[in-house]
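Please look over the chain that is shown here, first as a whole and then element by element. The paragraphs after it lead from the overall fold to particular side chains.

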Amino acid sequence: TRRSADLVPYTVIREITPTDIEASVTLPNRLRGPLRMLREATNSSNPFYRCLCLYRVFEGLEKVRARNNEVARTTGLSLHREKIRVADNDLTQVAFPEFVGASLQAFLDHVRETCRLDIAHLNINQFDGLLLDPAVVGHVHRVDQVNAVLLSLARQAIQVEWGFMLEAEQS
C-alpha cells in the first residue's frame, strides 16, 4: 500500500510595512508573550509543535485578558469584547462542521481534548500506539487542519485584545 500526503508549505503571509514597525513600538508589553509564541508557531514546520505553540498563545491571552480585566475594573471601564467564533469557510465546513459558528472556547476545548493533551503527554491507545503519531499521515493532516483554524482564531483574539487595550488607554 502506498501512502501519500499533501502538505501545505509554511510561507510568508505578507511583507512587513513601515506601519507594522511603527505599531510594534506601541505594542503593549502584556501582548509580547502571546505574539512571540504566535511567531514561534508560524515559523515552525512541525505541525505537532505548531499546535502546541498555538494553544499556548491562547493560554497566554487568558492571562493578558485577566490582567486587562483587573485594570478595567479599577477604572470602571466596560469588560465587553467582540465575540470570536469559528469561521464558516471551506476548511471548517469539511473538517469541523460541528464547530462552524461555535465560540472560540468551544473549539479550544475540542483542541485540548483531541490534540493538545495527546501531543504534549504522548498519550497512547489500547495497542500502545500514539493517539497522534507523527509517522501517520492522517494524524499529521488532522493536526494541520486544527492549526489552520487555530492560527486564524489566534490572530483574531490578539486583535480583539489589543483593540480592548487601546480603547482602555484612550478612556
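What follows is a walk through the architecture, one helix, one polar site and one group of aromatic rings.

The model is predicted, so local features are given only where pLDDT is at least 70 and side-chain atom pairs count only at pLDDT 80 or more, whereas totals for chains, interfaces and linings use all residues. Residues are numbered from 1 along each chain as its sequence is written, and side-chain values use heavy atoms, with hydrogens and water left out.

The chain holds six helices and zero strands, where helices (H or I, at least four residues) and strands (E, at least two) are DSSP runs numbered from the N terminus. Read from the N terminus on, the order of elements is α-α-α-α-α-α. The C-alpha trace spans about 65 × 35 × 30 Å along its principal axes. Of the 171 residues, 34% count as buried, a class that means under 20% relative accessible area, with exposed meaning over 50% and partly exposed lying in between (1.4 Å probe, protein chains only). Among the contacts with a separation of 6 or more, residues 24 or more positions apart account for 66%, contact being defined as heavy atoms within 4.5 Å.

Helix H1 covers residues 18-25 and includes Val25, which is exposed with a relative accessible area of 64%. The C-alpha atoms of Val25 and Cys51 are separated by 28 Å, with these positions 26 residues apart along the chain counted as their separation.

Helix H2 (residues 29-43) can be checked against its expected span, which is 1.5 Å times one less than the number of residues. At 1.5 Å a residue, its 15 residues should span 21 Å, and the end C-alpha atoms are 21 Å apart, which agrees. Which residues of H2 are buried? They are Leu31, Pro34, Leu38 and Ala41, and they cover an arc of only 80 degrees around the axis, which puts them on the same side of H2; the arc is that of the directions from the helix axis to the C-beta atoms. An α-helix has 3.6 residues a turn, so residues three or four places apart point the same way. The buried residues of H2 pack against H3 and helix H6 (137-170), while on the other side of H2 Asn29 and Asn43 are exposed.

Beyond H2 the chain enters the loop between H2 and H3, where Ser44 is found. Ser44 is buried, with a relative accessible area of 9%, and its side chain reaches the backbone nitrogen of Asn46 at 3.1 Å.

Helix H3 (residues 47-75) contains Asn69, which counts as buried at 13% relative accessibility. Leaving aside residues up to four places away in sequence, Asn69 touches Leu79, Arg81 and Phe164. With Arg81, the side chain of Asn69 makes a polar contact to the side chain at 2.9 Å; a polar contact is a pair of N or O atoms within 3.5 Å, and within protein one must be able to donate a hydrogen and the other to accept it, while residues adjacent in sequence count only if both atoms are side-chain atoms. Arg81 also has its charged end over the ring of Phe164, 3.7 Å from the ring centre, the criterion being that NZ of Lys or CZ of Arg is within 6 Å of the ring centre and within 35 degrees of the ring normal.

The aromatic rings come next. How many aromatic pairs does the structure hold? There are two aromatic pairs, where rings of Phe, Tyr and Trp (its six-membered ring) pair if their centres lie within 6.5 Å, and planes under 30 degrees apart count as stacked, over 60 as edge-to-face and the rest as tilted. Phe96 and Phe107 form an edge-to-face pair, 5.2 Å centre to centre with 90 degrees between the planes. Phe96 lies in the loop between helix H4 (90-95) and helix H5 (104-120) and Phe107 in helix H5, so the pair ties together parts that are eleven residues apart in sequence. Phe96 is buried at 0% relative accessible area, and Phe107 counts as buried at 0% relative accessibility. Phe99 and Phe107 form an edge-to-face pair at 5.6 Å centre to centre and 85 degrees between the planes, and Phe99 counts as buried at 12%. Phe96, Phe99 and Phe107 thus make up one aromatic cluster.
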